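Colleague: Before I plan anything around this model, I would like to go through the terms used to describe it. Could you take me through the reasoning behind each one?

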Amino acid sequence: MEENSGLSSMKFFSDQHLSYADILPPHEARARIEVSVLNLLRVLNSPDPAISDLSLINRKRSNSCINQGILTDVSYIFLSASFTKSSLTNAKTAKAFVRVWKVMEICFQILLQEKRVTQRELFYKLLCDSPDLFSSQIEVNRAVQDVVALLRCSRYSLGIMASSRGLVAGRLFLQEPDKEVVDCSACGSSGFAISGDLNLLDNTIMRSDARYIIVVEKHAIFHRLVEDRVFNHIPCVFITAKGYPDIATRFFLHRMSTTFPDVPILALVDWNPAGLAILCTFKFGSIGMGLEAYRYACNVKWIGLRGDDLNLIPEESLVPLKPKDSQIAKSLLSSKILQENYRDELSLMVETGKRAEIEALYCHGYDYLRKYIATKIVQGKYI
């Protein structure tokens with residue numbers, strides 16, 4: 001029987017070498033730490049003792065790829081099974097090598113005590129215990145990523161809780177386990193604070209009659225939209241992470257996307273490279289979280305600001321791109337994740353050397369944002 005050449009040429013599971021970080025119960029996470037320590041002790045007690053290198057999943061851009069959804073609209077960044085070494089004998093990686101074991105030690109204690117800590121709390125604990133090893137939050141964050149890459153389990157499995165800046169407001173009812181129902185339309189202009197406890201978020205019951213979920217880059221814009229109760233005119237839920245999205249807000253949005261799969265998610269960001277980077281983080285995840293990105297990615301559409309909105313903004317409200325903008329633009333343009341219409345927008349920013357902020361629309365009045373969003377939705381102008 002002749003083989004169907006069309007089907008045989010299709011490469012299903014082409015990303016089968018994805019590297020994942022498992023979600024584990026505390027006893028299994030402790031077991032992985034114990035195995036790592038026992039392996040180190042076994043080598044040290046051997047007739048020819050030596051401290052072996054740590055084999056970590058490579059988190060560099062060169063090891064990242066994009067999983068293009070076939071049966072779903074959601075695509076996400078992932079890391080393939082390529083490894084890098086951290087060695088005690090290498091001057092550049094020696095401290096990083098030791099930091100991994102110290103972070104594992106603290107995580108083991110946290111898991112034994114059945115507690116959760118934020119990375120900020122973890123930093124101060126490590127700063128007190130080992131000031132020679134940890135002098136900044138970024139060193140702790142990198143060490144945590146190294147432990148995740150070594151043990152192949154999520155940071156939440158290690159007792160590390162996400163620190164959340166996120167807020168939600170609008171047509172959404174939330175009920176956390178053993179608590180009263182929260183009406184997010186009645187929380188005032190400050191909205192409802194999204195918990196950093198991912199387990200709590202995972203077990204929160206959600207109900208909504210919203211027709212749209214709108215992710216807002218800026219806290220000030222979120223405040224304006226909620227204070228004006230725009231969700232009463234446009235049946236929607238507003239979410240903000242107050243800038244670059246934290247893990248908890250991304251997880252919350254992902255939960256909403258799976259709970260309400262038919263509700264479009266729209267992003268309102270500044271027309272600049274940073275705004276697009278924020279949108280892409282919600283949409284695809286990030287390389288730093290490549291082992292867990294698939295748990296946070298959502299099919300987010302870009303509603304604005306975009307290049308075709310510049311005619312709504314006075315010339316004097318456009319400001320020059322900053323050096324940081326140029327760096328972000330260069331990074332995004334060189335990435336594999338950027339779809340063509342996003343690339344066109346970014347190229348226009350670079351070509352004009354200008355950026356526009358959402359607040360520039362206030363030249364039409366403080367209530368103009370509602371009309372702007374409604375017009376975009378009615379005309380289906382989101383990409």
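**Burial, pairing and charge**

Modeller: Strand 16 (residues 300-304) is largely enclosed by the rest of the structure, because 4 of its 5 residues are buried. Buried means under 20% relative accessible area, exposed means over 50%, and partly exposed lies in between, with a 1.4 Å probe and protein chains only. Helices (H or I, at least four residues) and strands (E, at least two) are DSSP runs, numbered from the N terminus. This is a predicted model, in which local features need pLDDT of at least 70 and side-chain atom pairs count only at pLDDT 80 or more, while totals for chains, interfaces and linings use all residues. Residues are numbered from 1 along each chain as its sequence is written, and side-chain values use heavy atoms, with hydrogens and water left out.

Colleague: What makes strand 15 and strand 16 a pair?

Modeller: Two strands pair if DSSP finds at least two bridges between them, and strand 15 (residues 265-268) is joined to strand 16 by 4 bridges, the two running parallel. Within this pairing, Ala267 stands opposite Trp302 of strand 16.

Colleague: Which strands are the edges of the open sheet with the order 10-9-12?

Modeller: In that sheet of 3 strands the pairing is antiparallel, and the edges are strand 10 (182-183) and strand 12 (205-207), because each pairs on one side only. Strand 9 (residues 173-175) is joined to strand 12 by 3 bridges, and Gln175 stands opposite Ile205 in strand 12.

Colleague: How do you know that Arg99 and Glu139 meet in a salt bridge?

Modeller: A salt bridge is a side-chain nitrogen of Lys or Arg within 4 Å of a carboxyl oxygen of Asp or Glu, and for Arg99 and Glu139 the N to O distance is 3.3 Å, so the pair qualifies. Arg99 belongs to helix 3 (residues 94-112) and Glu139 to helix 5 (residues 137-151), 40 residues apart, so that distant parts of the chain are linked. Both Arg99 and Glu139 are buried.

Colleague: Why is Lys218 called buried, and what is Glu357 called?

Modeller: Lys218 has 17% relative accessibility and therefore counts as buried, whereas Glu357, with a relative accessible area of 30%, is partly exposed. Salt bridges that share partners join Lys218, Asp270, Asp325, Arg355, Glu357 and Glu359 into one network. Within it, the side chains of Lys218 and Glu357 meet at 3.2 Å, N to O, and the pair ties together parts that are 139 residues apart in sequence.
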